[in-house]
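Good morning, and thank you for coming. Today I should like to take you through one structure, with the sequence and the model before you on the screen.

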Amino acid sequence: MSFSDNHFIDFRGKTAQDIYSFFQRIQGHDQDIPSPLKRMVHACLIFLEPSTRTQLSFELALKDCGVGVSLLQKNFSSFAKGETLLDTLLNLQAMGYDLFVIRKGEEKETLEGLTQQISTPIINAGEGISGHPTQALLDCYTLFKRRKKNLLAGERVLFVGDIRHSRVVKSNIELMRLLNIDVAFCAPDIFLPSSCEIKIFPTLEEGLNWASVVMALRTQFERHDKDLHMEKIRDLFIQNYGLTTKNLRHFAKDGVILHPGPFNRDYEIASDVLSDQRVAIYDQVQNGRLVRRSLVQAILRQKGLL
Ligand code: CP
């Protein structure tokens with residue numbers, strides 16, 4: 001299996017070699033103008049949860065490839081009248097779309113299940129709290145580019161913050177296992193999964209002493225009990241889990257600091273840390289467009305459209 005499968009939902013069936021070949025194809029080709037399409041091609045971005053980075057970088061990536069782009073959002077479509085995701089996709093497929101990029105929330109269908117009923121390629125652009133594989137790809141690609149090494153095996157990635165609700169962590173763990181990257185968590189109990197096999201550091205100091213990479217995660221207040229307010233936990237969180245200049249004294253000089261975005265500024269990460277040379281947050285965003293473009297190209301190639 002490779003990145004030229006019909007759908008891209010998760011990393012099942014992929015190998016480390018597939019991932020590194022994919023990374024190597026992107027590297028050095030950022031400025032290339034993609035080959036022309038063999039006919040008009042149309043993609044529909046279906047975003048049932050809010051997004052800035054993923055939605056717009058997919059839009060740019062598709063337009064880079066010459067693909068026509070439509071956007072369907074929950075409150076401005078027949079989703080608001082109760083039409084299901086499956087019925088929506090069947091209708092859009094009948095219209096002749098060539099590709100779907102889907103961000104879904106709590107809708108009952110799973111993207112994996114939909115691939116059994118929809119032949120038009122589906123790309124997972126973030127699914128509830130269960131996965132966000134293109135984010136994991138761009139995170140690992142960012143690390144790959146920073147390290148200027150052929151392999152990421154042996155890196156130690158510490159995830160800090162709202163791990164329980166993070167689809168980014170789930171996809172990253174899946175991908176990092178393939179690449180032999182070691183992972184660990186550091187978070188208050190309410191942000192940890194109810195059970196897990198991943199090592200947990202009780203303090204940020206211990207975690208940062210161990211890690212070669214730290215990824216801060218947004219506290220997803222919208223997925224917590226409505227009584228959890230940022231103002232109530234802010235000071236304690238910043239002191240114990242915030243990426244502040246003071247806390248980062250314990251982190252490697254050649255470490256890499258990531259955040260998938262959006263971040264709660266001066267909460268998960270302090271404003272003055274953003275100019276630290278170890279921060280690669282805007283590299284992640286820049287690489288997101290490249291990674292998504294390369295994925296779109298692989299699928300178009302497989303469909304004989306490129
Ligand atoms: N990282 C990420 O998925 O950001 P958006 O929700 O803005 O797309």
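Please note at the outset that this is a predicted model. I begin with the residue that follows helix α1, namely G28, whose phi is positive, near 85 degrees.

Let us stay with α1, which covers residues 16-26. Which of the residues of α1 are buried? They are D18, I19, Y20, F22, F23 and I26. These buried residues pack against three helices, α5, α6 and α9.

Helix α1 also takes part in a pocket. The second largest pocket has a volume of about 300 Å³, and both α1 and α9 supply at least two residues each to its lining. The greatest contribution to that lining is made by α9, with five residues. In total, 14 residues line the second largest pocket, and those nearest its centre are R25, H29, D32, Q297 and R301. By class, this lining is made up of five nonpolar, four polar and five charged residues.

I turn now to the largest pocket. Its space comes to about 400 Å³. Which residues lie nearest the centre of the largest pocket? They are R103, R167, R218, G261 and P262, out of 21 lining residues. Helix α2 and helix α6, the latter spanning 167-178, each provide at least two residues of this lining. The classes here divide into five nonpolar, nine polar and seven charged residues.

Next, the enclosed space. How many cavities of 30 Å³ or more does the structure hold? It holds one, and about 70 Å³ of space lies within the largest cavity. Three elements give two or more residues to the lining of the largest cavity: α2 (53-64), α5 (133-147) and α9 (281-302). Of these, α9 has the largest share, with four residues. The full lining consists of R53, S57, Q135, L138, P260, Q284, V285, G288 and R292. Sorted by class, that gives three nonpolar, four polar and two charged residues.

It is worth pausing on α9 here. This helix gives the most to the lining of the second largest pocket, it supplies the largest share of the cavity lining, and it is one of the helices against which the buried residues of α1 pack.

Finally, the sheet. What is the order of the strands in the open sheet? The four strands are arranged β2-β1-β3-β4, and their pairing is parallel. At the edges are β2 (68-73) and β4 (122-127), each of which pairs on one side only. On average, neighbouring strands of this sheet are turned by 15 degrees against each other, direction ignored.

Consider one pair in detail. Strand β3, residues 99-104, runs parallel to β4 and is joined to it by four bridges. Within this pair, F100 stands opposite I122 in β4. Helix α3, residues 85-95, packs on the sheet and touches β1 (42-47), β2, β3 and β4. The direction of α3 makes about 160 degrees with that of β3.

To close, I would draw your attention to three places on the screen: the largest pocket, with R103, R167 and R218 among the residues nearest its centre; the cavity, with R53 and R292 among its lining residues; and the sheet, with α3 packed on it. Thank you for your attention.

Terms used:
Residues numbered from 1 in each chain as written. Predicted model: local features only at pLDDT ≥ 70, side-chain atom pairs only at ≥ 80, totals over all residues. Heavy atoms only, no water. 1 Å grid on protein atoms, 1.4 Å probe; cavity = no way out; pocket = protein on both sides within 12 Å on 5 of 7 lines; lining within 4 Å. Points joined across faces, edges and corners; volume = space filled by probe spheres on them. Nonpolar A, V, L, I, M, F, W, Y, C, P; charged D, E, K, R; others polar. Buried < 20%, exposed > 50% of the residue type's maximum accessible area, 1.4 Å probe, protein only. Contact = heavy atoms within 4.5 Å. Pairing = 2+ DSSP bridges. Axes fitted to C-alpha atoms, helices over the stretch in contact; angles between N-to-C directions.
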